[in-house]
Amino acid sequence: MSVVDLKGMLAGAGDELERWGRTINPQFVRVLKTIGFDRTWASAQGPYLYDTDGNRYLDMLGGFGMYNVGRNNPRIRAALIEALELDTPGMLAMGVTALPGLLAEALLDRTPARFGRVLFTSTGTEAVEAAIKLGRAATKRSRVLSLDHAFHGLTLGSLSVNGNPEFTSRFGPLLPDCERVPLGDLDALERELVREDVAVFIVEPIQGKGVYMPPPGYLEGAQELCRRYGTLFCVDEVQTGFGRTGKLFAFEHWGLEPDLVPVAKSLSGGYVPVGALIMSRAVHEAVFDSMEHAVSHGSTFAPNELAMAAGLATLHELDEQRLVEASADLGRRLLELTRPLVDEFDVVRDVRGLGLMWAIEFGEPERSGRRTWRLIERMQPGLFAQLVVAPLFSEHRILTQVAGHNMAVLKVLPPLVVGADDIDEFVDALTATIKRAQRMPASLTRFALTAAGLR
Ligand SMILES: Cc1ncc(COP(=O)(O)O)c(C=O)c1O
């Protein structure tokens, strides 16, 4: 037992939703209650969550993509316990230890030869901030381009390259010289790059908000334009990295060799905050170019020993359990099983994905259900997707999410340890739920009215 008796504290914790609402964020608790997600959770294993009544839930959300190796993975936990028991020196501040170098080496061994350095952070947004900051110094340019609808984190630098006004509008002024171009439009990109004042062009290989895929040739073309005009090409793999899309890194699908790659989320198996900016040696050397500039960027807790131990164990686990291959295979299965829904349901517009990053988009039906759709979407754009997410959770015990503000898109990012039977269970439940939601029974319409009150 620890000195604080965590087990006893948890057993006697009482109403955790009430306490969270009182001490952390009452509005978030209101949201959970409105959409019926106000369960109390007891434990988790692999792709499953268990509530305090002993019910099992299939986690198709994976902590927004940080549990690629499964929740409470015993082998990552063992590595963490070993690291704790070794009483490693910890952060030296003025000195170095072995674990960070070992993890950096393991990451570089798994990426193209162009990459030569790793800068550790504690989160994804910090890795993005580092890409912007180092990119500016390395190129001696200030402009940063990103895409409409982009999401790269919520601290101020990353917000400056965010392409969703609902995230940015109340928090300005943001960083100067940050502009956006539309996804898929290489001409628009070239019009900006040709001025030769853009330090960094940052993209998600697949956009997380809405799961929008790049049109064929776009990312390769963007990389070529960046090289031509001296702009650093930054591919944000915070969400898509570590097997999510069926390759270790999504950029491999297009044979890309970016200059900067922020990663985070699943790198530590979901146990410990971690992030990293993997970059070409040239970028690093342009910024850290003298002893005077040896500490041009960093943060107190990065790299921390536990994150490094978990990172090494996670990379090993991805290899040993062949989780990247599993993600590709199961993703193919998920797409094959769900593509027919576009023909089966008037309300399903599109099904898309790569590996286990997948989404289904709804749209106004052309035949029956049109009036109700309009009524519901007028209350809050995208609300129909919530009409599928809510019963998937309350009736089928499957955790999913709406893919972004004001969009009728349901998204999943399950742990890569899900089984084929889990995928089948999800598809069956999804099909049954869409069938019901399309008919808009009174109970669902009532739910929609309540949920609209969230705004
Ligand atoms: C593509 C991308 N970049 C950056 C981030 C920010 O990562 P973090 O939440 O660890 O700051 C996210 C988070 O969802 C993301 O999806």
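Start by selecting Val347 and showing what surrounds it: leaving out residues up to four places away in sequence, Val347 touches Glu361, Phe362, Gly363, Pro365, Trp373, Phe384, Ile434 and Gln438. Contact here means heavy atoms within 4.5 Å. What you have open is a predicted model, where local features need pLDDT of at least 70, side-chain atom pairs count only at pLDDT 80 or more, and totals for chains, interfaces and linings use all residues. Residues are numbered from 1 along each chain as its sequence is written, and side-chain values use heavy atoms, with hydrogens and water left out.

Stay on Val347 for a moment. It lies in the loop between α15 (341-344) and β11 (348-354); helices (H or I, at least four residues) and strands (E, at least two) are DSSP runs, numbered from the N terminus. Val347 is buried, at a relative accessible area of 1%. Buried means under 20% relative accessible area, exposed over 50%, and partly exposed in between (1.4 Å probe, protein chains only). If you draw a C-alpha to C-alpha line from Val347 to Val412, it spans 19 Å, for two residues that are 65 apart in sequence.

Next, the nonpolar core. Select Phe201, Phe362, Leu410 and Phe426: these have the most contacts inside the largest core, which has 112 residues. A nonpolar core is a set of buried Ala, Val, Leu, Ile, Met, Phe, Trp, Tyr and Cys residues joined through side-chain atoms within 4.5 Å. Helix α17 (residues 383-394) gives the most to this core, with 8 residues. Now centre on Leu410, whose contacts beyond four places in sequence include Trp358, Phe362, Val388, Leu392, Phe426 and Leu430. For a second, separate core, of 21 residues, pick out Leu134, Leu260, Leu277 and Met279, which are among its members.

On to the rings. A search of the whole structure finds 12 aromatic pairs. Rings of Phe, Tyr and Trp (its six-membered ring) pair if their centres lie within 6.5 Å; planes under 30 degrees apart count as stacked, over 60 as edge-to-face and the rest as tilted. Show Phe151 and Phe167: with centres 5.2 Å apart and planes at 65°, this pair is edge-to-face. Phe151 is in the loop between β5 (143-147) and α8 (156-159) and Phe167 in helix α9 (residues 165-168), so the pair ties together parts 16 residues apart in sequence. Phe151 is partly exposed at 22% relative accessibility, while Phe167 is buried at 15%.

Then go to Trp358 and Phe426, an edge-to-face pair at 5.5 Å centre to centre and 90° between the planes. Trp358 lies in strand β12 (residues 357-362) and Phe426 in helix α18 (residues 420-439), so this pair ties together parts 68 residues apart in sequence. Both Trp358 and Phe426 are buried.

Back at Phe151, add Lys209: its charged end sits over the Phe151 ring, 4.6 Å from the centre. That label needs NZ of Lys or CZ of Arg within 6 Å of the ring centre and within 35 degrees of the ring normal. Add Asn162 too, from the loop between α8 and α9. Asn162 is buried, at 2% relative accessibility, and its contacts include Phe151, Phe167 and Arg180.

Last stop: helix α5 (residues 74-85). Colour its buried residues, Ile76, Ala79, Leu80 and Ala83. They cover an arc of only 100° around the axis (taken from the directions from the helix axis to the C-beta atoms), which puts them on the same side of α5. Part of their cover comes from α13 (305-320). Spin to the face turned away from the buried side and you'll find exposed Glu82 and Glu85.
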